[in-house]
Amino acid sequence: MIERIDTGERSSKIVKHNGVAYLTGQVAEGETIQDQVRTCLEKVDALLVQAGSSREKMLRVTIWLADMKDFAGLNEVWNAWVPKGHAPARACGEAKLARPELKVEFIVDAAYD
């Protein structure tokens, strides 16, 4: 069974199937990469809770940066946010994002009970 949560015309905020919750990409506004990362991760936390999951159950995270020069700033916030011993598989690359003011986008897959 596939469960879709907060489904709109274009996407669902969460899609659950076979014990995995797939979260829609999260972006945020903010002056610095750290500001945007913090806000994105707050949104991820809320979606994980809504999906019946948590940071400790993340399986894979894909991170898109508008500019790889922000890699160190991303990791500064990310490393403090990820629970010790529960780091997910992660990929990070550079991509043109939907709006010029966006610096980062997170895509998260997590297990749920």
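1. In this predicted model, residues 24 or more positions apart account for 70% of the protein chain's contacts with a separation of 6 or more. The points below begin with the chain as a whole, turn to one strand residue, and then take up the charged side chains.

2. The protein chain contains 2 helices and 6 strands. Read from the N terminus, its elements follow the order β-β-β-α-β-α-β-β. The radius of gyration is 14 Å, close to the 13 Å given by the globule rule for 113 residues, so the protein chain is as compact as a globular protein of that length. The C-alpha trace spans about 40 × 35 × 20 Å along its principal axes.

3. How much of the protein chain is buried? Of its 113 residues, 40% are buried. The protein chain exposes about 6500 Å², and carbon and sulfur atoms supply 50% of that area.

4. Thr62 offers a local view of contacts between parts of the chain. This residue belongs to strand E4, which covers residues 58–65. When neighbours within four places in sequence are set aside, Thr62 is in contact with Ala91, Glu105, Phe106 and Ile107. The C-alpha atom of Thr62 is separated by 9.1 Å from that of Gly25, a residue 37 positions away along the chain.

5. Charged side chains deserve separate attention. The protein chain carries 15 positive and 17 negative side chains, and the centres of these two sets are 3 Å apart. Side chains of opposite charge can pair when their charged atoms come close. A search of the whole structure finds 6 salt bridges; some of them are described in the points that follow.

6. Lys57 and Asp113 meet through their side chains in a salt bridge, at 2.5 Å from N to O. Lys57 lies in the loop between helix H1 (33–50) and E4, while Asp113 is in the segment after strand E6 (104–111), so this pair ties together parts that are 56 residues apart in sequence. Lys57 has a relative accessible area of 25% and is partly exposed. Asp113, with a relative accessible area of 79%, is exposed because the threshold for that class is over 50%.

7. Which residue forms a salt bridge with Arg60? The partner of Arg60 is Asp109, and their closest N and O atoms are 2.8 Å apart. Arg60 is in strand E4 and Asp109 is in strand E6, so the pair ties together parts that are 49 residues apart in sequence. Arg60 counts as partly exposed, at 46% relative accessibility. Asp109 has a relative accessible area of 10%; this value is under 20%, and Asp109 is therefore buried. The salt bridge thus joins a partly exposed Arg60 to a buried Asp109.

8. A further salt bridge is formed by Glu101 and Arg99, with 2.8 Å between the closest N and O atoms. Glu101 is partly exposed, its relative accessible area being 37%. Arg99 also counts as partly exposed, at 36% relative accessibility. These two residues belong to a network of salt bridges that links Glu29, Arg99 and Glu101.

9. For a reader who wishes to follow these points in the structure, strand E4 is a convenient place to begin. Thr62 lies in this strand, as does Arg60, whose salt-bridge partner Asp109 is in strand E6. Lys57 is in the loop between helix H1 and E4. From there, the network of Glu29, Arg99 and Glu101 may be examined as a separate topic.

Definitions and conventions
Residues numbered from 1 in each chain as written. Predicted model: local features only at pLDDT ≥ 70, side-chain atom pairs only at ≥ 80, totals over all residues. Heavy atoms only, no water. Helix = DSSP H or I, 4+ residues; strand = E, 2+ residues; numbered from the N terminus. Contact = heavy atoms within 4.5 Å. Rg over C-alpha atoms; globule rule 2.2 N^0.38 Å. Buried < 20%, exposed > 50% of the residue type's maximum accessible area, 1.4 Å probe, protein only. Areas by Shrake-Rupley, 256 points an atom, 1.4 Å probe, with all protein chains shown as cover. Lys, Arg positive; Asp, Glu negative; His and termini not counted. Charge placed at Lys NZ, Arg CZ, Asp CG, Glu CD. Salt bridge = Lys/Arg side-chain N within 4 Å of Asp/Glu carboxyl O.
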